[in-house]
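Subject: Structure for you to look at

Hello,

Here is the structure I said I would pass on. Please open it beside this email, and read the notes below with the picture in view.

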Amino acid sequence: MGVFLSELTWEEAKRAFEHTQTVVVPTGSTEQHGPHMPLGTDWMAAEGLARLVTEKANVITTQVIPVGFAEYHMDFPGTLSVSRELLTNYICDICDSLVKWGAKRFVFINGHGGNAESLNQVAIDLRRRHRVLSAIIQWWDIVPEVDGYPSEQHGGYAETAFIANLRPLLVKRDRANIAMAKNISGELVVAGITNLYFRGARIGTFSEDQRCFGGGFNG
Amino acid sequence: MVEQPDARPIDYAQATPEVGRRIMDKAVQIVVDFIVEFEKIQL
């Protein structure tokens, strides 16, 4: 069984790092998830998973990082975003502190796809400067499909169920509806904020999700 | 408006806490098992 860093005294923290050098860092986001899900969905998911992992694994777990890179959701009120550079440097600085106290392995439990680029950079940087190892884990990669629905759908079936389990009172299932995307033109069909279809081929692109999807769902 | 080419209508009524618990249980076990193996990797 692991411990939560913020619940320890400094003396307890010293002892904890003598027993394990593996640190779990949950990372999330505060952003729209459609009309039926709370803005904190991504950090709640990361924190919830990290909490249960900590009950079973010999790790030290930090507080969740609740705001990430979510610029493409900024059309929706309440969404918070920081730049990728700031996020990368912020996580690096936190990990530098943890290395000072003994951390040698980091497990980032990430609840928001927009953080992935920063976390990859953090992992490279920590390896280069401290020779420590990092792993980046996302629940939708572990369970890529649920009852026939892709887990990575933003505000979709799996994510709704995930939060319904953690915070049942915060899910308004009666406000959810079917994910619909807009046609950009006769042959350009939105497939997500970073993809569209052209004659059946998936093409990488970028657009804010309000342009792509009316209510905040996407796939 | 067109439906996403790779999406099918979502039956949100079925996205229950029990389904979420199933996802969570699987995810937790894999992460816990992974950490054991991860700690065997030489630095």
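**What is in the model**

Chain B contains one helix and one strand. Of its 43 residues, 28% are buried. Chain A has seven helices and eleven strands, and 48% of its 219 residues count as buried. Taking the contacts in chain A between residues at least 6 apart in sequence, 64% join residues at least 24 apart.

Please keep in mind that this is a predicted model. The predictor gives the complex an ipTM of 0.88 and a pTM of 0.89. For chain B the average pLDDT is 86, and 81% of the residues score at least 70. The start of chain B needs some care: over residues 1-5 of chain B, pLDDT stays under 50. For that stretch the model has 13 contacts beyond four places in sequence. Where pLDDT is low, the predicted coordinates should not be read in detail.

**Where the chains touch**

How many residues of each chain take part in the contact between chain B and chain A? There are 31 from chain B and 44 from chain A. On the chain B side, β1 (2-3) and α1 (17-38) each supply at least two residues. The most comes from α1(B), with 14 residues. Sorted by class, this side of chain B has 22 nonpolar, four polar and five charged residues.

Two helices of chain A that pack against α1(B) are worth following in turn. Two packed helices are described by the angle between their axes and the distance between the axes.

**Helix α2 of chain A**

The axes of α2(A) and α1(B) are 9 Å apart, and the packing angle is about 50°. This makes α2(A) oblique to α1(B). The crossing of α2(A) past α1(B) is right-handed. From α2(A), the residues involved are A:Leu49, A:Leu52, A:Val53 and A:Lys56. They meet B:Met24, B:Ala27, B:Val28, B:Val31 and B:Val32 of α1(B). By class, this contact has eight nonpolar residues, no polar ones and one charged.

**Helix α6 of chain A**

Is α6(A) largely enclosed or largely open? Ten of the ten residues of α6(A), residues 157-166, are buried, so the helix is largely enclosed by the rest of the structure. Among these buried residues are A:Tyr157, A:Glu159 and A:Thr160.

What covers the buried residues of α6(A)? The cover includes four elements of chain A, namely α2 (41-56), α5 (139-142), β6 (145-146) and β7 (149-150), together with α1 of chain B.

As for the packing itself, the axes of α6(A) and α1(B) come within 7 Å and cross at roughly 95°. That makes α6(A) roughly perpendicular to α1(B). On the α6(A) side, the contact is made by A:Ala158, A:Ala161, A:Phe162, A:Ile163, A:Ala164, A:Asn165 and A:Leu166. On the α1(B) side, it is made by B:Pro17, B:Val19, B:Gly20, B:Arg21, B:Ile23 and B:Met24. This contact has ten nonpolar, two polar and one charged residues. B:Met24 also appears in the list of residues that meet α2(A).

**Some loop residues in chain A**

Most residues other than glycine have a negative phi, and most peptide bonds are trans. Against that background, two residues can be looked up.

- A:Arg131 has a phi near 60°, a positive value in a residue other than glycine. It sits in the loop between α4 (116-130) and β5 (133-138) of chain A. A:Arg131 counts as exposed because it has 10 C-beta neighbours inside 10 Å.
- A:Asp147 has a phi near 50°, also positive in a residue other than glycine. Its loop lies between β6 and β7 of chain A. With 13 other C-beta atoms within 10 Å, A:Asp147 is partly exposed.

One more loop residue is A:Ser6, between β1 (3-4) and α1 (10-19) of chain A. It counts as exposed, with 9 C-beta neighbours inside 10 Å. A:Ser6 and A:Gln63 are 57 residues apart in sequence, yet their C-alpha atoms are 6.8 Å apart in space.

Regards

Definitions and conventions: Residues numbered from 1 in each chain as written. Chains lettered and ligands numbered in written order. Predicted model: local features only at pLDDT ≥ 70, side-chain atom pairs only at ≥ 80, totals over all residues. Contact = placed C-beta atoms within 7 Å. Nonpolar A, V, L, I, M, F, W, Y, C, P; charged D, E, K, R; others polar. Buried ≥ 20, exposed ≤ 12 C-beta atoms within 10 Å, placed from the backbone. Axes fitted to C-alpha atoms, helices over the stretch in contact; angles between N-to-C directions. Parallel < 35°, antiparallel > 145°, perpendicular 65-115°, else oblique. Left-handed = near helix turned anticlockwise from the far one by under 90°. pLDDT = per-residue confidence, 0-100.
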